[in-house]
Amino acid sequence: MTMLAFAEETRRAELERAQSHALKLFDAIERDGLVRPGRTERDVEDDIGVLAEREFGVKKHWHRRIVRSGPNGVTTAGDNPPIRTIAADDIVYVDLGPVFEAWEADIGKSYALGSDPQKQKLVADLPRVFADVQAHYRSNPDMTGADLYAFAQDAAAKAGWRFGGKIAGHLVSEFAHALIPGDKKLNRIGPENLNPMSDPDGKGRARHWILEIHLVAEDGSFGGFYERLL
């Protein structure tokens with residue numbers, strides 16, 4: 001194994017380790033019942049920040065903590081909808097970007113709090129659609145970001161939903177990936193990225209991707225979100 005290959009293997013392992021820590025953070029969120037009716041989205045975001053620092057030593061988050069519920073679940077990270085109080089029948093999605101040591105994690109997960117069968121189905125479909133899109137990418141990692149975005153849209157439609165994201169993912173790396181030089185659209189899985197996803201980043205290194213699946217009901221009344229390393 002060359003030194004470059006060894007370095008890239010180490011980078012991937014560190015990103016996977018950061019993701020593993022982030023998944024444990026979600027376990028703690030669920031253990032403490034932070035996502036529940038009657039709480040505001042901001043209450044949950046703030047409590048997650050306290051929990052992340054207290055139990056996992058997280059002092060930095062490479063993006064703001066995001067909790068969206070009910071109709072806010074159709075919005076994306078760049079939106080700023082009015083803060084809601086979580087209702088008993090909501091889907092709630094949580095999108096976190098904690099930094100563990102020098103490494104970024106990016107995890108999204110959704111919860112169907114009530115018994116509505118369509119909302120339960122959407123939450124169950126999120127990891128299934130993720131797996132379909134991930135398998136498609138792994139069958140041809142040289143595909144463009146635009147190609148994978150289009151496939152994600154098709155996979156959502158086949159499951160009976162609209163794809164809610166303006167992109168379907170982005171780079172993740174040592175903190176902070178936003179400082180990697182080059183054209184930012186090439187660091188996103190979206191319609192403007194016409195280059196192979198296997199191309200090196202602006203520092204000449206392998207790109208490591210986060211895949212985002214955002215499913216929305218056809219009538220736009222609710223949605224959910226799921227993301228992990230691609």
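**Figure 1. Strand 1 in the lining of the largest pocket.** In this predicted model, strand 1 contributes four residues to the lining of the largest pocket, the most of any element. The volume of this pocket is about 570 Å³. Its lining comprises 24 residues, of which Ala-77, Ile-167, His-170, Arg-188 and Glu-212 are the closest to the centre of the pocket. Two or more lining residues come from each of strand 1 (61–69), strand 2, strand 7 (209–216) and strand 8. By character, the lining of the largest pocket consists of seven nonpolar, nine polar and eight charged residues.

**Figure 2. The aromatic pair of Tyr-93 and Phe-225.** Four aromatic pairs are found when the whole structure is searched. One of them joins Tyr-93 and Phe-225 in a tilted arrangement, with 5.2 Å from centre to centre and 40° between the planes. Tyr-93 belongs to strand 2 (residues 91–100) and Phe-225 to strand 8 (residues 223–229); the pair therefore ties together parts that are 132 residues apart in sequence. Both Tyr-93 and Phe-225 are buried.

**Figure 3. The aromatic pair of Tyr-149 and Phe-163.** Tyr-149 and Phe-163 form an edge-to-face pair, in which the centres are 5.7 Å apart and the planes meet at 90°. This pair links distant parts of the chain, since Tyr-149 is found in helix 4 (residues 145–158) and Phe-163 in strand 5 (residues 162–163), 14 residues apart. Tyr-149 has a relative accessible area of 10% and is therefore buried, the cut-off for this class being under 20%. Phe-163, with a relative accessibility of 12%, also counts as buried.

**Figure 4. Charged side chains over aromatic rings.** Lys-119 is placed over the face of Phe-222, at 5.6 Å from the centre of the ring. In another such contact, Arg-228 has its charged end over the ring of Tyr-226, at 4.2 Å from the ring centre.

**Figure 5. The largest nonpolar core.** This core has 30 residues, and those that touch the most other members are Val-133, Leu-148, Ile-189, Met-197, Ile-213, Leu-215 and Leu-230. At least two residues of the core are supplied by each of helix 3 (117–139), helix 4 and strand 7. Helix 3 gives the most, with seven residues.

**Figure 6. Gln-134 and Leu-230.** Gln-134 is located in helix 3. Its relative accessibility is 16%, so Gln-134 counts as buried. Although 96 residues separate Gln-134 from Leu-230 in sequence, the two lie 6.0 Å apart in space, C-alpha to C-alpha. Leu-230 is one of the residues that touch the most other members of the largest nonpolar core.

**Figure 7. The cis peptide bond between Phe-175 and Ala-176.** Phe-175 and Ala-176 are joined by a cis peptide bond, for which omega is about 5°. Ala-176 is situated in the loop between strand 6 (169–171) and strand 7.

**Figure 8. The backbone at Glu-101.** Glu-101 has a positive phi, near 55°, and is a residue other than glycine. Its position is in the loop between strand 2 and strand 3 (103–104). The relative accessibility of Glu-101 is 63%, and the residue therefore counts as exposed, a class that begins over 50%.

**Figure 9. Ala-168 and Pro-196.** Ala-168 occupies a place in the loop between strand 5 and strand 6. With 0% relative accessibility, Ala-168 counts as buried. Between Ala-168 and Pro-196 there is a distance of 15 Å in space, C-alpha to C-alpha, and the two residues are 28 residues apart in sequence.

**Figure 10. Asp-154 and Pro-141.** Asp-154 forms part of helix 4. The relative accessible area of Asp-154 is 45%, so this residue is partly exposed. Asp-154 and Pro-141 stand 18 Å apart in space, C-alpha to C-alpha, with a separation of 13 residues in sequence.

Technical notes. Residues numbered from 1 in each chain as written. Predicted model: local features only at pLDDT ≥ 70, side-chain atom pairs only at ≥ 80, totals over all residues. Heavy atoms only, no water. Phe/Tyr/Trp six-rings, centres within 6.5 Å; stacked < 30°, edge-to-face > 60°. Buried < 20%, exposed > 50% of the residue type's maximum accessible area, 1.4 Å probe, protein only. Lys NZ or Arg CZ within 6 Å of the ring centre and 35° of its normal. 1 Å grid on protein atoms, 1.4 Å probe; cavity = no way out; pocket = protein on both sides within 12 Å on 5 of 7 lines; lining within 4 Å. Points joined across faces, edges and corners; volume = space filled by probe spheres on them. Nonpolar A, V, L, I, M, F, W, Y, C, P; charged D, E, K, R; others polar. Core = buried A, V, L, I, M, F, W, Y, C linked by side-chain atoms within 4.5 Å.
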